[in-house]
Amino acid sequence: MRKPLVAGNWKMHTDSSQAQDLASSIVSRVSSVTDVEVVLCPPFVWLERVAKLVEETGILVGAQDTFWEDWGAYTGEISPLQLSEMCSYVIVGHSERRHIIGETDEIVARKARAVARAGMVPILAVGELEQEYKEGISKEIVSNQLSAVLADGWDHEIVIAYEPVWAIGTGLAASAQYAQDMAAFIREQLSSYGLNQERVRILYGGSVNRGNFKEFIEQKDIDGALVGGASLKAEEFAELVMMASPAMVD
Ligand SMILES: O=C(CO)COP(=O)(O)O
């Protein structure tokens with residue numbers, strides 16, 4: 001069985017004391033839950049602080065991005081090897097990086113490979129824009145985004161986060177049925193690249209909150225969530241973790 005995973009993407013939020021308070025509050029609420037993998041992805045500058053706070057709690061830390069080279073003259077960039085001292089996961093290909101910063105599929109693929117090479121697990125974010133959704137080409141878009149990373153062969157652990165861009169930060173989550181349909185499609189694609197698709201965890205992301213998460217986590221092919229806004233509220237984030245826990249649902 002795939003272990004559920006609930007990851008909080010804090011994006012560019014929190015000052016140092018907010019980051020400290022948020023992480024401590026999450027630790028006190030969820031460290032007794034052992035059947036859900038909980039991953040906190042704070043901004044780079046608070047990674048070390050959050051990593052210390054969650055030490056020995058079972059909660060893991062992830063970065064929101066990385067550079068693709070290990071070392072060198074790359075002013076302002078952060079190496080996957082530097083991150084690997086404190087992170088277990090790295091988000092790559094988030095839509096805000098694809099569409100605001102202009103990252104291409106090729107860049108995302110390099111980053112994913114660099115994360116795996118450094119011994120961490122990429123959380124590969126994929127998803128279509130609103131216009132693409134309206135045109136009915138969501139599967140084609142997601143298939144291209146997956147292919148860029150996986151088509152040359154992939155033999156590391158990977159997590160896929162399906163985040164339709166139109167659902168991110170809008171309060172308008174996809175329907176659970178639509179998300180399940182896309183997750184099932186992603187699983188099919190994974191198997192076409194020779195991955196043991198039964199093992200790969202697929203998360204849904206986009207306006208997940210305490211009111212809608214239960215429906216998502218009940219879907220056969222959805223193993224958790226990549227949470228933005230609701231991950232900044234310790235109480236709500238902890239509730240999401242509880243909802244994902246098989247022991248607490250039984
Ligand atoms: O982008 C997201 C997580 O990476 C989702 O953000 P929201 O949960 O705020 O919609």
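Let me start with Asn9, which counts as buried because 27 C-beta neighbours lie inside 10 Å, where 20 or more are needed for that label. I should say at once that what we are looking at is a predicted model, and that the mean pLDDT of the chain is 97, with 100% of its residues reaching 70 or more. For the complex, the predictor gives an ipTM of 0.99 and a pTM of 0.98.

Asn9 sits in strand 1, which covers residues 5–9. If we set aside its neighbours within four places in sequence, Asn9 is in contact with Cys41, Gln64, Ile91, Leu226, Val227, Gly228 and Ser231.

Now to the ligand, where Asn9 comes up again. Which residues are closest to the ligand? Of the 14 residues that surround the ligand, the closest are Asn9, Ile168, Gly205, Gly228 and Gly229. Sorted by class, this shell holds five nonpolar, eight polar and one charged residues.

There is also a record to set beside this, namely an unreviewed UniProt entry, whose "binding site" annotation covers Asn9, Trp10, Lys11, Gly169, Ser207, Gly228 and Gly229. Although these annotated positions are spread over 221 residues of sequence, they cluster in space, with a largest C-alpha distance of 13.9 Å. Please keep in mind that such annotations may be inferred rather than shown by experiment.

Ser207, one of the annotated residues, lies in the loop between strand 7, residues 201–205, and helix 9, residues 213–217. Is Ser207 buried or exposed? It counts as buried, because 22 C-beta neighbours lie inside 10 Å. Beyond its neighbours within four places in sequence, Ser207 is in contact with Ala167, Thr170, Gly171, Leu172 and Ala173.

Let me turn to helix 7, residues 138–150, where a simple check is possible: at 1.5 Å a residue, its 13 residues should span 18 Å, and the end C-alpha atoms are 18 Å apart, so the two agree. The buried residues of this helix are Ser138, Val142, Gln145, Leu146, Ala148, Val149 and Leu150, and they pack against helix 5 (105–117), strand 5 (121–126), helix 6 (130–135) and helix 8 (176–192).

Within helix 7 I would pick out Ser138, which counts as buried because it has 23 C-beta neighbours inside 10 Å. Outside its neighbours within four places in sequence, Ser138 is in contact with Glu128, Glu132, Tyr133 and Met182. Ser138 and Met182 are 44 residues apart in sequence, yet 8.5 Å apart in space, C-alpha to C-alpha.

How values were computed
Residues numbered from 1 in each chain as written. Predicted model: local features only at pLDDT ≥ 70, side-chain atom pairs only at ≥ 80, totals over all residues. Helix = DSSP H or I, 4+ residues; strand = E, 2+ residues; numbered from the N terminus. Buried ≥ 20, exposed ≤ 12 C-beta atoms within 10 Å, placed from the backbone. Contact = placed C-beta atoms within 7 Å. pLDDT = per-residue confidence, 0-100. Expected span 1.5 Å × (residues − 1). Near = placed C-beta within 6 Å. Nonpolar A, V, L, I, M, F, W, Y, C, P; charged D, E, K, R; others polar.
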